[in-house]
Amino acid sequence: MKDIIIQLLTGMLGSLGFALLFGLKKKYLLNAALGGLICCALYQVGMLIFGSIFLACLAASAFCALYSEVTARLKKAPSTLFFITSVIPLVPGGSLYYACSNAVIRDWEKAKYFSMLTLQYALAIAAGACVVWAIMITVENIKKNKQTSSENQ
């Protein structure tokens, strides 16, 4: 339990740190940190439920994209501000480091293992975000088409 709380807090602080690094306005910092905390929590829950890095990361990434879209509309700001900072806890820094480190020392089996792990994280982050964004764009297009057809009548 203690480890999970530490991971959640570091996920939140990591997102807050990147928000500060990117120069987000003070009024957005809490939303950025909260997004990182929730994203990290959903990843942990996903690992318990699915037992798969890909599925857990996919679900957490999809939520990050949805969270960023909703928060952007509420705050009247670009959604990328919130997505990039919220998804930071999912970024596979450790596995990428170990992949490169093992490649340098020519331990190809470990390098391959950590490279595949990094690829799973990266694909899951991208897929989760793309699914949500595709749905959002489709919904917006449907709304525009309904508006245009009602104006033409």
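How many disulfides does the structure hold? Zero. I'll start there, and keep in mind throughout that what we have is a predicted model.

So, the cysteines. A disulfide is a covalent bond between the sulfur atoms of two cysteines. Take Cys57: the closest cysteine sulfur to its own is the one in Cys39, and that is 7.4 Å away, too far for a bond. The cut-off for calling a disulfide is 2.5 Å. As for where these two sit, Cys39 is buried, at 0% relative accessible area, and Cys57 is buried as well, with 0% relative accessibility.

Okay, let's step back to the overall fold. We have six helices and zero strands, and if you read along the sequence you get α-α-α-α-α-α. The C-alpha atoms fill a box of roughly 70 × 30 × 30 Å along the principal axes. There are 153 residues in the protein, and 35% of them are buried.

To get a feel for distances, pick Gly14 and Val132. Along the sequence they are 118 residues apart, and from C-alpha to C-alpha they are 23 Å apart in space. Gly14 belongs to helix α1, and with 24% relative accessible area Gly14 is partly exposed.

Now the charged side chains. How many salt bridges does the structure hold? Two, and Arg73 has a part in each. One is with Glu69, where the closest N and O atoms are 2.7 Å apart. Both of those residues are in helix α3, which covers residues 53-75, and they are four residues apart, so about one turn of the helix. The other is between Glu140 and Arg73, with the closest N and O atoms at 2.5 Å. That pair is a bit of a reach along the chain: Glu140 is in helix α6, residues 108-152, while Arg73 is in α3, so the bridge ties together parts that are 67 residues apart in sequence. Put it together and you have Glu69, Arg73 and Glu140 linked in a network of salt bridges.

How exposed is each member of that network? Glu69 counts as buried, at 11% relative accessibility. Arg73 is partly exposed, with 43%, and Glu140 is partly exposed too, with 34%.

On to the surface. Which residues make the nonpolar surface patch of about 520 Å²? They are Val45, Leu48, Ile49, Phe50 and Leu55. Helix α2, residues 26-50, gives the largest share of the patch, with four residues. Leu48 is a good one to click on: you'll find Leu48 in helix α2, and at 73% relative accessibility Leu48 counts as exposed.

Helix α2 turns up again when we look for empty space. Rolling a probe the size of a water molecule over the atoms shows where empty space is left. Here the largest pocket has about 280 Å³ of space. Its lining has 15 residues, and the ones nearest the centre are Tyr43, Gln44, Pro89, Leu90 and Tyr121. Three elements give two or more residues to that lining: α1 (2-21), α2 and α5 (93-104). The largest share is from α2, which gives four residues.

Last stop, the backbone, and a couple of loop residues. Most residues other than glycine have a negative phi. Lys76 has a positive phi of about 55°, and Lys76 is not a glycine. You'll see Lys76 in the loop between α3 and α4, where α4 is residues 79-86. Lys76 is exposed, at 74% relative accessibility. Then there's Arg106, with a positive phi near 65°, again in a residue other than glycine. Arg106 sits in the loop between α5 and α6. With 64% relative accessible area, Arg106 is exposed.

To wrap up, here's what I'd like you to take away. This is a predicted model with six helices and zero strands. There are zero disulfides, but Glu69, Arg73 and Glu140 form a salt-bridge network. And helix α2 is worth a look in the viewer, since that helix gives the largest share of the nonpolar patch and the largest share of the lining of the largest pocket.

Conventions
Residues are numbered from 1 along each chain as its sequence is written. This is a predicted model: local features need pLDDT of at least 70, side-chain atom pairs count only at pLDDT 80 or more; totals for chains, interfaces and linings use all residues. Side-chain values use heavy atoms; hydrogens and water are left out. Buried means under 20% relative accessible area, exposed over 50%, partly exposed in between (1.4 Å probe, protein chains only). Patches are made of residues with over 30% relative accessible area and no salt bridge: like charges are joined within 9 Å, nonpolar side chains (Val, Leu, Ile, Met, Phe, Trp, Tyr) within 5 Å. Accessible areas come from the Shrake-Rupley method with a 1.4 Å probe; for residues, only the protein chains shown count as cover. A salt bridge is a side-chain nitrogen of Lys or Arg within 4 Å of a carboxyl oxygen of Asp or Glu. On a 1 Å grid over the protein atoms alone, a cavity is a set of points where a 1.4 Å probe fits but cannot get out, and a pocket is an open set with protein on both sides within 12 Å along at least five of seven lines; lining residues have an atom within 4 Å of a point. Grid points are joined across faces, edges and corners, and a volume is the space filled by probe spheres set on the points.
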